[in-house]
Amino acid sequence: RRFDLLLCTTIIESGIDVPTANTIVIDRADRFGLAQIHQLRGRVGRSHHRAYAYLITPPRAAMTADAVKRLEALESLEDLGAGFALATHDLEIRGAGELLGDEQSGQIEEIGFNLYMELLQRAVAALKSGREPDLERAADSGPEIELHLPALIPEDYVPDVHLRLVLYKRIAGLSSPEALDEMKSELIDRFGPLPPFTRSLLRIARLKLRAAPLGIRKIDVGPASGYLLFEERNSVDPLRVLKLIQGRPKDYRLDGPLKLRFRHEAGGEDAPFERVERLLDTLAG
């Protein structure tokens, strides 16, 4: 078992198991599909032996753009669960075709599968509600909230990295305060009392839900000041904004037609949330 060598085709991809094999050399790796390379390199390292996979390729300039993308994706993912991530990369590189047609290639390969599905879902939701899909703003993920505070799911609260990513995505996709309350209850039920950073994450998600109907693009709040940036098309009554500025000119001022700057007293971690919540209440009437 020192210099044994097996020279073969990709037949070993079918599942030949040699537990003691610790090295594989794949010639012209640029010609293989992403899932195929992943299967091939999985033929080594199947026991406690440390394994090595060497991918032999021509110079970068001689490879196709898709081949370079496949190899870069393979290099970037080495943790558990990489198989699913690689499959997603493969789908984005090759494209999944037109989901509502019979063609095997379409615009999906230009933007990726996940974004394609998100755009499709938003367009369908708009049509169901009787609205015309806003194609120019279709890729918008909602208001941007920056409170300069840590807002995350700590590793010691949810140890599994893939589960944390799923939870982040679910929180980002919440569409109502009721759904947010259910998410909060689920987290407490599954993992225990919320740590401070996670409470902040959920409060930011609630602020996004409140700011979106008003047509607010961004909220940025520092220790003693901040600003709101409105969309060109928003539902905020200009008279309410003028009333704020005229009533408290030292605390509020316009910086251009779409940016409202404000000052507030410094406080603890709850101060920025409370300040923004009161301001949104005022603007919403």
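Does Pro193 count as buried or exposed, and at what relative accessibility? I would like to start from that one residue and then walk through the rest of the chain, keeping in mind throughout that what we have on the screen is a predicted model. Pro193 sits in the loop that connects helix 7 with helix 8, and because its relative accessibility is 73%, Pro193 counts as exposed. If you look for Tyr157, you will find that Pro193 and Tyr157 are separated by 36 residues in sequence, while their C-alpha atoms are 9.2 Å apart in space.

Let me stay with the two helices on either side of that loop. The axes of helix 7, which covers residues 177–191, and helix 8, which covers residues 196–211, come within 10 Å of each other and cross at roughly 170 degrees. An angle over 145 degrees counts as roughly antiparallel, and therefore helix 7 is roughly antiparallel to helix 8. On the helix 7 side the contact is made by Pro177, Leu180, Asp181, Lys184 and Leu187, and on the helix 8 side by Thr198, Leu202, Ala205, Arg206 and Leu209. Sorted by class, this contact between helix 7 and helix 8 has six nonpolar residues, one polar residue and three charged ones.

Stepping back for a moment, the chain has 10 helices and seven strands, and of its 285 residues 31% count as buried. If we take the contacts between residues at least 6 apart in sequence, 58% of them join residues that are at least 24 apart.

Now to the sheet. Five strands form an open sheet in the order 3-4-5-7-6, and the pairing in this sheet is mixed. Strand 3, at 144–146, and strand 6, at 252–254, are the edge strands, each of them pairing on one side only. From one strand to the next, the twist averages 15 degrees.

Within that sheet, strand 3 and strand 4 run parallel and are joined by three bridges, with Ile145 standing opposite Ile219 of strand 4. Strand 4, residues 216–221, then pairs with strand 5, residues 225–230, in the antiparallel sense over five bridges, and these two strands form a hairpin with three residues between them. Along this pairing, Ile216 stands opposite Phe230 of strand 5, while Val221 has Gly226 of strand 5 as its bridge partner. Strand 4 is also mostly covered, with five of its six residues buried.

What lies across these strands? Helix 10, residues 270–284, lies across strand 4, strand 5, strand 6 and strand 7, and runs at about 145 degrees to strand 4. Helix 9, residues 238–247, lies across strand 6 and strand 7, and runs at about 125 degrees to strand 6.

That brings us to the packing. The largest nonpolar core has 23 residues, and the members that touch the most others are Leu147, Ile216, Ile219, Leu228 and Leu283. Helix 8, strand 4, strand 5, helix 9, strand 7 and helix 10 are the elements that each give two or more residues to this core, and the largest share, five residues, comes from helix 10. Taking Ile219 as an example, and leaving aside residues up to four places away in sequence, its contacts are Glu144, Ile145, Glu146, Ala211, Tyr227, Leu228, Val276 and Leu280.

Apart from that core lies another one, of 15 residues, which includes Ile26, Ala67, Val68 and Leu74. Ile26 belongs to strand 1, where the side chains alternate: Ile24 and Ile26 point to one face and are buried, whereas Thr23, Val25 and Asp27 point to the other face and are not. Strand 1 pairs with strand 2, residues 52–56, in the parallel sense over five bridges, and within that pairing Ile26 stands opposite Leu55.

I will finish with a residue from the segment before strand 1, namely Ile12. Since its relative accessibility is 12%, Ile12 counts as buried. Leaving out residues up to four places away in sequence, Ile12 touches Leu6, Ile24, Leu40 and Arg43. Leu40, one of those contacts, is 28 residues from Ile12 in sequence, with a C-alpha to C-alpha distance of 7.1 Å. So we end on Ile12, which is buried at 12%, having begun with Pro193, which is exposed at 73%.

Methods
Residues numbered from 1 in each chain as written. Predicted model: local features only at pLDDT ≥ 70, side-chain atom pairs only at ≥ 80, totals over all residues. Heavy atoms only, no water. Axes fitted to C-alpha atoms, helices over the stretch in contact; angles between N-to-C directions. Helix = DSSP H or I, 4+ residues; strand = E, 2+ residues; numbered from the N terminus. Parallel < 35°, antiparallel > 145°, perpendicular 65-115°, else oblique. Contact = heavy atoms within 4.5 Å. Nonpolar A, V, L, I, M, F, W, Y, C, P; charged D, E, K, R; others polar. Pairing = 2+ DSSP bridges. Core = buried A, V, L, I, M, F, W, Y, C linked by side-chain atoms within 4.5 Å. Buried < 20%, exposed > 50% of the residue type's maximum accessible area, 1.4 Å probe, protein only.
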